[in-house]
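Thank you all for coming. I would like to take you through one model this morning, starting from a single residue and then working outwards, so please have the sequence and the structure open in front of you.

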Amino acid sequence: MGSPEIAPCAVRNPAYAASTSKRGAAMQQNSSDICLITPTAPVTVKHHGGRAKCLQRLVRLDLPVPKTVALSFDAVHSIAQGERLDMNALLEPFGPMPLLCVRPSSEDPDWGGPSAVLNIGLNDASYVELSDSIGSEAATRLYARFVQAFSIHVARLDPDMFDGLELDGIDALSAALHAYEEETEEPFPQEPAVQLAAVLRSMARAWEGTTARLLRQAKGAPADAGLGLVVQSMALGLGQGECGSGVIQLVSSTTGLSKITGRYRSQSQGREALSGEAGAVYLARDPRGPSLEELAPEAFQNLITYTETMRERLREEMQTEFTIENGKVHVLDGVRIRRSSRAAVRIAVALAEEGIIPREEAVLRVEPRALNEMLHRQVDPEAKRDVVARGIAASPGAATGRIVFTASAAQASAARDEPCILVRRETTPEDIRGMHAAVGVLTERGGITSHAAVIGRGLGLPCVVGASDLKFSMRGEKITTPDGRSFKAGDVITVDGTRGEVLAGETPLLEAAQDEAFQTLMTWADEFRDIGVRANADTPADAQTARNFNAQGIGLCRTEHMFFEADRLIVMREMIFADTAKDRRAALDRLLPMQRADFIELFRIMQGQPVCIRLFDPPLHEFLPSDKVGIRELAEALSLPRSDVEHRIEQLSEYNPMLGMRGVRLGITVPEIYEMQARAIFEATVAASREGDPVVPEIMIPLVSAKREVELVKTRIDAVAAAVRNETGRDFAYRLGVMVETPRAALRAGEIAPHAAFLSFGTNDLTQMTYGLSRDDAGRFMSAYVQQGVYAEDPFHVLDTEGVGELLRTGATRGRAARKDLVLSICGEHGGNPESIDFCRQAGFDYVSCSPFRVPVARLAAAQFALRDRMGENPEKIV
């Protein structure tokens, strides 16, 4: 690279222009690798980093920014490779006896960078001049601290050499200089050019070191991410009059509400005000102590003005880093404030309502997944976390409670009004009542679409699955952590389903926040999205949650979950043990009014919106006990010999229940179940339509793989509909559709579609069958597969748009070719995943359906994809 030179730049700030007018011939116009920051300098985020670009924007706003030179990524890389800069040319804009700081400028501030180095240029000569201007005590402290920082961060000397040194006196300064000379066998460098070159080289090489690279890659940075550096004239913050440093922002990072926050510390530099309590004062007047507003009212008001100017002109809530010298404010940097999810929503909405940004941009500024933090209680980010185990973050939110190991214990705990965490190896449908009673769930096994995960998300229940590092003793009712700690029944733990962590004891939690700003953002999102969003809801409570989140109907109601209530389970078991169709109908007749009441309540809650009801799907053995105590109790309830019960359970057992007699196969071989359900749906339709909006139920047949299956079930359901019409004297409409869960159904969609009003792709099972992979067992090796690049992502978490996606496209194309008005949707857990939603939009699907608590996430993600399509490559199109 040779000797990069400083590019000249036109300026519009007269004071800034005067300060930069005496530049030598070395400043050639053809170089942007080393550039004096002016309003028109060729500074970009891609080449110089975010800090350099932000400083240029502040200069354009005529804010009092100290003179700054930006070094590009290429320049810094060259320095790391050992190439030398023309230091005289670099230092020329700063005049004789410069006093400088160097700060990192990466493309994304979250990627970090080397620590800033302050007071470069301090030497014996400038120390004498500085002592005359700001006092010997302040000058001595600056020089001693610079020697220490240079020794540790640049010369890489052992920090222990400064142990016991108080860096505030002349003796300490002498000791620091002597220690440096003794360790390096050379005097402390006196030439500013030598000092600056060493600092630049050290920071450049630190960025390209292996440790730094791994750290930033963990934060999402590419391996070859570049680093820029900014060299800035020092604003001391020490001396006569009111001097100091601090940061200020105009809103709370936690809530997003208007509030002047930050810190200020007299006689300090950089970010010392944030390093501790000693000497720090409040910014605005505060009854708890002194404030900057009282110490330097004019400087305080200028800071408010500057920060408001940034907010309005940069269209963002900013934090101003500043230094005050004898009452005069210097703006060192401006950064986008860090913010919680609730603050991000409030800030985006406030900026849009004030006309600073358009509504479209406000919608685009909020990360959809961040909404999870607003919909559920969360662990306070400021709280101490005693993490005892990690698993898969299966359902967001956090909850604290006493450990219980059975569903019955969870119900007993809820009856005592004691919050509990249900701990299981893995959950089954029998655990549904316990999950309803618990405030959180922890399982040893399972993945992102396991039973516990799916039900947890539907209930809004914090859930961590696949915590295989823990040792579970279900008989001993104890879990043991990798570090040897034991937690037994009754001990208190906290489950953080957002991070996938288990914490010891009770941890401070933040409440959910679905405030006016949240509602406003959701309303705007609905204006822009171009795909429908429904909810998966199995109970009236789920349906009410879906309604509260403005779901456009129910896309999947799993009726089997309704049969696990105690009064229904025994009737269901009587039906399973019945020997004839007549006896089965007799048992099902007792379930009919219960099922009808469920559907009536769902229809009432949804107020005329579509409700898609999936007919019975699981194998019958799931309703039978598997332990000796349960078998004995069932034998007593049915007045049967225990051997008969055990024999029937053995008859119903299957080697692979997922691929066995379930879904439509059960509906064809035991048709009385689907007939009862169809009657319950139609009778509920008539009853609910009398009281409110007309109801048009959607009935979905699960696990279809052949056209003939649909024909057989459709014939029976049409017959039940005709019977109910005759009995009630009321006409009604309904829509029959198919849940596409097998690859064959997707491939043969063209012959299935003429018999179905809709195809809803159940991507949970479709992914399992496409991969030949159990979603409940995938968690054991999925992390290794993703890390080694076998799969880009967990296919149960992010839709596999290549493999499973090809089946979806094929099914959609062939189905629509056979029936143009065919409605297409997905109703698996992928329905709430933003990337999956975009795939469905592109494939021409009509809606997605997901867990109720994921509905806002899906609404916002759908709106963002629609807006980005409108924008194309030109963001200005949204304005």
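Is Gly490 buried, partly exposed or exposed? Before I answer, please keep in mind that what you see is a predicted model. Gly490 has a relative accessible area of 26%, and because buried would require a value under 20%, this glycine counts as partly exposed. You will find Gly490 in the loop that runs between strand S21, residues 486-488, and strand S22, residues 492-496. Once its neighbours within four places in sequence are set aside, Gly490 is in contact with Arg402 and Ile403. In that part of the chain there is also Gly401, which is 89 residues away from Gly490 along the chain, although the two C-alpha atoms are separated by 8.6 Å.

Let me now step back to the whole protein. The protein has 879 residues, 55% of which count as buried, and its secondary structure consists of 34 helices and 32 strands. The C-alpha trace spans about 105 × 60 × 55 Å along its principal axes. If you take the contacts with a separation of 6 or more, 67% of them are between residues 24 or more positions apart. The accessible surface comes to about 37000 Å², and carbon and sulfur atoms contribute 47% of that. As for charge, there are 97 positive and 119 negative charges, and their mean positions lie 6 Å apart.

My next stop is helix H4, residues 73-80, which is largely enclosed by the rest of the structure, because six of its eight residues are buried. The buried ones are Phe73, Ala75, Val76, Ser78, Ile79 and Ala80. What do these buried residues of H4 pack against? Their partners include strands S2, S3, S4 and S6, and also the helices H2 and H9. After H4 comes Gly82, which has a positive phi, near 100°.

That brings me to backbone angles. Most residues other than glycine have a negative phi, and I would like to point out two residues that do not follow this pattern. For Met97 phi is positive, near 50°, and this residue sits in the loop between helix H5 and strand S4. Met97 is partly exposed, with a relative accessible area of 41%. The second is Arg315, with a positive phi near 60°, in the loop between helix H12 and strand S10. Arg315 is also partly exposed, at 27%.

Strand S10 itself, residues 318-325, contains Thr323, and here the picture is one of burial, since the relative accessibility of Thr323 is 0%. Apart from its neighbours within four places in sequence, Thr323 is in contact with a set of residues that includes Ala235, Leu236 and Gly237, as well as Gly244 and Ser245. The set also includes Lys328, Val329, His330 and Leu332.

Finally, please look at two helices further along the chain, H30, residues 763-771, and H32, residues 803-818, whose axes come within 10 Å and cross at roughly 120°. The crossing of H30 and H32 is right-handed. On the H30 side the contact is made by Thr763, Leu766, Thr767, Thr770 and Tyr771, while H32 contributes Val804, Leu807 and Leu808. I will stop there and take your questions.

Methods. Residues are numbered from 1 along each chain as its sequence is written. This is a predicted model: local features need pLDDT of at least 70, side-chain atom pairs count only at pLDDT 80 or more; totals for chains, interfaces and linings use all residues. Side-chain values use heavy atoms; hydrogens and water are left out. Helices (H or I, at least four residues) and strands (E, at least two) are DSSP runs, numbered from the N terminus. Buried means under 20% relative accessible area, exposed over 50%, partly exposed in between (1.4 Å probe, protein chains only). Contact means heavy atoms within 4.5 Å. Accessible areas come from the Shrake-Rupley method with a 1.4 Å probe; for residues, only the protein chains shown count as cover. Lys and Arg count as positive and Asp and Glu as negative; His and the chain ends are not counted. The place of a charge is taken as NZ of Lys, CZ of Arg, CG of Asp or CD of Glu. Axes are lines fitted to C-alpha atoms, for helices over the stretch in contact, and angles run from 0 to 180 degrees between N-to-C directions. A crossing is left-handed if the near helix is turned anticlockwise from the far one by less than a right angle, and right-handed if clockwise.
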